[in-house]
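Hi,

Here is the structure I said I would pass on. Have a look at it first, and then read my notes underneath.

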Amino acid sequence: MLDIQKIRADFPILHQQVHGKPLIYLDNGATSQKPRAVIDSLVHYYERDNSNVHRGLHALSMRATDAYEGARTRIAKFIHAADPAEIIFTRGTTESINLVARSWGHAHLKPGDIVLTTEIEHHSNLVPWQQAARASGATLTYVPVLGADGEGGLDLAALDRLLTPQVKLFAFTHISNTLGTVNPAAEFCRRARAVGAVTVIDAAQSIGHTPFDVQALGADFVAFSGHKMCGPTGIGVLYGRRALLDQLAPDETGGGMVSQVTYDDARWKPAPERFEAGTPNMADAIALGVACDYLDALGRDRIAAHDAVLAQCAMAKLSTLPGIRIIGPRAGAERSGLVSFAFAEVHAHDIVTFADEDGLALRGGHHCNQPLMRKLGLTGTTRASFYLYNTEEEIDLLVASLRRTVKFFGVT
Ligand code: C6P
């Protein structure tokens with residue numbers, strides 16, 4: 001069991017009032033808060049070590065390089081990658097997926113090929129594949145989601161039909177940021193491998209919430225963001241299997257990623273430098289390594305268990321509200337620590353604005369899932385997304401606030 005009060009003491013931002021009420025931060029799906037250790041790491045870097053990496057021979061540059069490469073090794077361990085060279089620093093999930101879609105897509109996709117994704121993807125794991133398909137003449141196909149509220153998960157029978165040898169790449173989210181669905185990632189990778197398709201896992205919502213082993217999953221590429229796992233903004237990772245990275249051309253070119261340059265041509269360094277053109281985001285990469293230490297000390301298995309308890313508690317208590325429609329897997333089914341819901345008579349933006357008056361941070365809207373919203377006949381949902389510092393008491397306050405709001409709007 002996690003000691004939530006002890007954890008809360010690690011997060012300075014949580015100890016404030018919003019509109020005269022204690023802050024209840026339930027927007028962790030958008031971004032998580034940062035523990036003191038991560039904030040301290042950023043301050044330490046700029047106060048003591050700041051220097052450009054891989055370029056200087058002076059003490060500060062060597063210290064910064066060691067810390068930056070140390071973070072890469074730390075993150076490799078965090079996701080059980082076989083080799084730190086498989087960790088490419090990016091700005092986040094979106095940039096990581098774009099890198100694969102452009103570099104891998106350009107090299108491997110041709111007319112007649114199929115890129116398979118799912119109906120529950122975030123725009124960041126959908127639009128880059130639309131672009132890659134358009135550029136190459138490949139076709140983009142979606143695994144359907146089942147149920148009027150998306151409660152049935154992805155259609156596994158359809159997946160059997162859709163995963164043909166024409167499928168060259170299968171990109172799917174591990175955890176849906178809107179439905180809370182947890183996809184069977186290892187099974188998806190296994191099935192994709194059986195038809196020779198490369199897999200891309202969007203781990204934005206899972207990486208900081210659940211144990212994650214890229215080798216056990218059998219993933220080819222994995223994308224995630226630091227800011228959703230207690231790390232800083234502006235830093236993320238693309239994991240790529242070494243054999244695949246070695247064959248891949250860079251998407252961006254410039255300093256730091258070349259071994260030899262003439263006026264006519266250039267040669268690339270191996271991964272990971274090949275994919276990190278220009279001065280990298282050193283301070284944030286190093287602080288992301290500290291976030292890994294923080295989460296591993298607590299145990300992501302325990303964080304996942306805590307998320308699950310909060311999600312079930314929220315499902316049970318929210319379902320007592322009049323007129324509520326809860327989206328995603330039903331109570332009792334496996335779901336992550338986020339719950340989306342809607343009221344026919346009250347717009348999600350009104351719900352979020354009224355909740356804000358009570359000190360609650362929620363998210364309302366389409367959550368970058370417009371096609372899914374359209375499929376479910378919704379313009380948006382309100383989403384409460386939990387993390388390691390949230391409590392059941394906060395869920396009680398959420399439900400009490402929502403009850404007042406729906407009463408105000410005349411929902412009975
Ligand atoms: N979802 C949310 O509130 P970036 O913005 O690159 O760090 O992450 C993009 C992204 C990709 N995939 C999934 C499943 C995500 O949830 C997100 C970010 C936030 O749901 C902001 S829209």
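Below is what turned up when I went through it, sheet first, then cores, helices and backbone oddities.

Before anything else: this is a predicted model, so please read everything here in that light.

**The seven-stranded sheet**

The strands run in the order β4-β10-β9-β8-β7-β5-β6, forming an open sheet with mixed pairing. At the edges sit β4 (87-90) and β6 (139-143), each paired on one side only. On average, neighbouring strands are turned by 20 degrees against each other, direction ignored. One pair worth clicking on is β5 (residues 114-118) with β7 (residues 167-173): they run parallel and are joined by three bridges. Within that pairing, Val115 stands opposite Leu169 of β7. Helix α5 (residues 127-136) lies across β5, β6, β7 and β8 (198-202), and its direction makes an angle of about 145 degrees with β6.

**The cores**

The largest nonpolar core has 73 residues, and Ile79, Met229 and Leu388 have the most contacts inside it. Helix α10 (residues 282-298) is its biggest contributor, with eleven residues. Where does this core lie relative to domain 1 and domain 2? Domain 1 (4-30 + 299-408) and domain 2 (40-297) both supply residues, so the core lies between them. If you want one residue to start from, try Leu388: leaving aside residues up to four places away in sequence, its contacts include Leu2, Ile4, Phe11, Cys230, Tyr294, Leu298 and His306. Apart from this there is another core, of 27 residues, with Phe341, Phe386, Leu398 and Val399 among them. As background, nonpolar side chains in soluble globular proteins tend to be buried together.

**A well-covered strand**

Strand β14 (residues 338-343) has six of its six residues buried. Both of its faces are covered, with Leu338, Ser340 and Ala342 on one side and Val339, Phe341 and Phe343 on the other. β14 pairs with β13 (residues 324-327) in the antiparallel sense over four bridges, and there Ser340 has Ile327 opposite. Another four bridges connect β14 to β17 (residues 381-385), also antiparallel. In that pairing, Val339 has Ala384 as its bridge partner.

**A helix pair**

Helix α10 shows up again here: its axis and that of α2 (residues 36-49) come within 9 Å and cross at roughly 145 degrees. The crossing is right-handed. On the α2 side the contact includes Ala37, Leu42 and Tyr46, and on the α10 side Met282, Ile286 and Val290 are among the residues involved.

**Backbone oddities**

Most residues other than glycine have a negative phi, and most peptide bonds are trans. These three spots go the other way:

- Ala271 and Pro272 are joined by a cis peptide bond, with omega about 5 degrees; Pro272 lies in the loop between β12 (266-268) and α10.
- His80 has a positive phi of about 60 degrees and is found in the loop between α3 (59-78) and β4.
- His367 has a positive phi near 55 degrees and belongs to the loop between β16 (363-365) and α13 (370-376).

Are the two histidines buried or exposed? His80 is partly exposed, with a relative accessible area of 40%, whereas His367 counts as buried because its relative accessibility is 0%.

Cheers

Conventions. Residues numbered from 1 in each chain as written. Predicted model: local features only at pLDDT ≥ 70, side-chain atom pairs only at ≥ 80, totals over all residues. Heavy atoms only, no water. Pairing = 2+ DSSP bridges. Helix = DSSP H or I, 4+ residues; strand = E, 2+ residues; numbered from the N terminus. Axes fitted to C-alpha atoms, helices over the stretch in contact; angles between N-to-C directions. Contact = heavy atoms within 4.5 Å. Core = buried A, V, L, I, M, F, W, Y, C linked by side-chain atoms within 4.5 Å. Buried < 20%, exposed > 50% of the residue type's maximum accessible area, 1.4 Å probe, protein only. Domains from an automatic or database assignment. Left-handed = near helix turned anticlockwise from the far one by under 90°.
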